[in-house]
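User: I'm new to reading protein structures and would like a close look at one part of this one. Could you pick a starting point and walk me outward from there?

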Amino acid sequence: MDVLRPPLIRIGGRVYRKNLIQEHAFPREEEEDFYAGPGDCTDEPCDAFVVEETERGFQCRVEVPSPLYKYIIGKKGETKKRLETETRTSISIPKPGVEGEIVITGQQRSGVISARTRIDVLLDSFRRKQPFTHFLSFALNQPDIQENFLQFKEQVLEKCSKDHGVSSSLFQNPAKLHLTLGTLVLLNEQEIQKACDLLQRCKEDFVDQITGGQPLTVEVAGVEYMNDDPAMTDVLYAKVHMKDGSDRLQMVADQLVERFVASGLMLKEWDRVKLHATVMNTLFRKDPTEERNNTMTGKSSFKERESFDGKNILKLFENFYFGEVQLDSVRLSQRFSSDASGYYATSGQLCFS
């Protein structure tokens, strides 16, 4: 990350710069022994999960996606051994790649509770390090929008190609134009289904009331930049607004994210969803195969980015009209994928009508 252009964080309507904190990466980090540390078993919370009494003592089952097993096992099994020794429990983990439950057993209820709590801490820590796999999106790839976007691209290259850093590789794939509401890490089919089920509950609980069971008519017009210096732009996006001037689109987005955060499926990043459609991104320049997805990855990309001078683009295309679109669904989109239309493959969706 360029220390002269730190990422911006919006809190309470204000924008703050996030200063760089140097982190040291260690090889094979995923196999290192990351342990929550010893503690008094009797001090652990005991009402957050079910502990069953058995003939031999007590037992607790934990649903864990198979990609996370290795973090409980640790390097050469050290994390698992330590957990078992210090909590006086036995921890049974399915074979690698086999979906199932981790089972904790022990003679003392407090020991089982302690082991379960520490496993939860481990899982939470390493889950946060996983790259996101899915995201909630509104598709903006309707034919009229795509056609106007391609005109925008052609005109920008015709009028601004001599500006520093401007090239055709910066532009979004028109078939994947979209609005991102938030990103998710879904590591198995059970977690994907949980997200799909939550989408349907949101439809019943508040989306139908906000939309009236009808598509939302949105206009995509004007461009803006993400950072605070247009001469060193990394992301240029198209702005969106409800045609009727209401805030119903923002309400749907904010309440969906709030519900997904409350469920634990999504991390809270902003007070409000920043509705934007990325049209140019310097990440696309670094790697032609880079996911032309969005700027809200939930992860920091430490790639070196070559910014472009967006001053002329902003001046010439400040009010460029990309078109009007009927938004009729929220999709659970799969990262690094494509369907028959060229848009992201859909794992589930919430339809307004």
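Analyst: Let's begin with one pair of residues: Ser329 stands opposite Cys351 in strand 14. Please keep in mind that this is a predicted model.

That pair leads us to two strands. Strand 13 and strand 14 run antiparallel and are joined by 5 bridges. Strand 13 covers residues 329-334 and strand 14 covers residues 346-351, with a loop between them that holds Phe336. Phe336 deserves a pause, since its phi is near 55 degrees, a positive value in a residue other than glycine. Is Phe336 buried or exposed? With 54% relative accessibility, Phe336 counts as exposed, because the cut-off for that word is over 50%.

Strand 13 has another partner as well. Strand 7 pairs with strand 13 in the antiparallel sense, over 4 bridges. Here Leu136 is the residue that stands opposite Leu332 in strand 13.

Now follow the chain out of strand 7. Between strand 7 (134-139) and helix 4 (143-160) there is a loop, and Asn141 is found in it. Asn141 counts as buried at 14% relative accessibility, because buried means under 20%. What does the side chain of Asn141 reach? It reaches the backbone oxygen of Ala175, at 3.1 Å. Setting aside neighbours within four places in sequence, the residues in contact with Asn141 are Gln146, Pro174, Ala175, Leu177, Ser341 and Tyr343.

Helix 4 brings us to a sheet, so let's meet that sheet before we come back to the helix. It is an open sheet of 4 strands in the order 11-10-9-12, with antiparallel pairing. Strand 11 (276-281) and strand 12 (321-327) are the edge strands, each pairing on one side only. Neighbouring strands in this sheet are turned by 30 degrees against each other on average, if direction is ignored. One pairing to look at is that of strand 9 (residues 216-225) with strand 12, which is antiparallel and has 6 bridges. Along it, Ala221 stands opposite Tyr321 in strand 12. Helix 4 packs on this sheet, touching strand 9, strand 10 (235-242), strand 11 and strand 12, and its direction makes about 160 degrees with that of strand 12.

A few charged residues come next. The structure holds 13 salt bridges, and three of them make good examples here. In one, Asp309 and Lys311 meet through their side chains, at 2.9 Å from N to O. Asp309 counts as buried at 16% relative accessibility, whereas Lys311 counts as partly exposed at 42%.

Another salt bridge joins Glu306 and Arg285, whose closest N and O atoms are 3.6 Å apart. This pair links distant parts of the chain, 21 residues apart: Arg285 is in helix 7 (282-286), and Glu306 is in the loop between helix 7 and helix 8 (311-316). Arg285 has a relative accessible area of 18%, so it is buried. Glu306, at 37%, is partly exposed.

The last example joins Arg128 and Asp124, with 3.1 Å between the closest N and O atoms. Both partners are partly exposed, Arg128 at 46% relative accessibility and Asp124 at 40%.

Two more helices are worth finding. Helix 5 (residues 189-211) and helix 6 (residues 248-263) pack at an angle of about 145 degrees, and their axes are 10 Å apart. Their crossing is right-handed. The residues that make the contact include Leu198, Leu199, Cys202 and Phe206 of helix 5, and Met251, Val252, Leu256 and Phe260 of helix 6.

To finish, here is a companion for Phe336. Arg88 is not a glycine, and yet its phi is positive, at about 55 degrees. Where is Arg88 placed? Look in the loop between helix 2 (78-87) and strand 5 (89-92). Arg88 has a relative accessible area of 70%, so it is exposed.

How values were computed. Residues numbered from 1 in each chain as written. Predicted model: local features only at pLDDT ≥ 70, side-chain atom pairs only at ≥ 80, totals over all residues. Heavy atoms only, no water. Salt bridge = Lys/Arg side-chain N within 4 Å of Asp/Glu carboxyl O. Buried < 20%, exposed > 50% of the residue type's maximum accessible area, 1.4 Å probe, protein only. Polar contact = N/O pair within 3.5 Å; in protein donor to acceptor, adjacent residues only side chain to side chain. Contact = heavy atoms within 4.5 Å. Pairing = 2+ DSSP bridges. Axes fitted to C-alpha atoms, helices over the stretch in contact; angles between N-to-C directions. Left-handed = near helix turned anticlockwise from the far one by under 90°.
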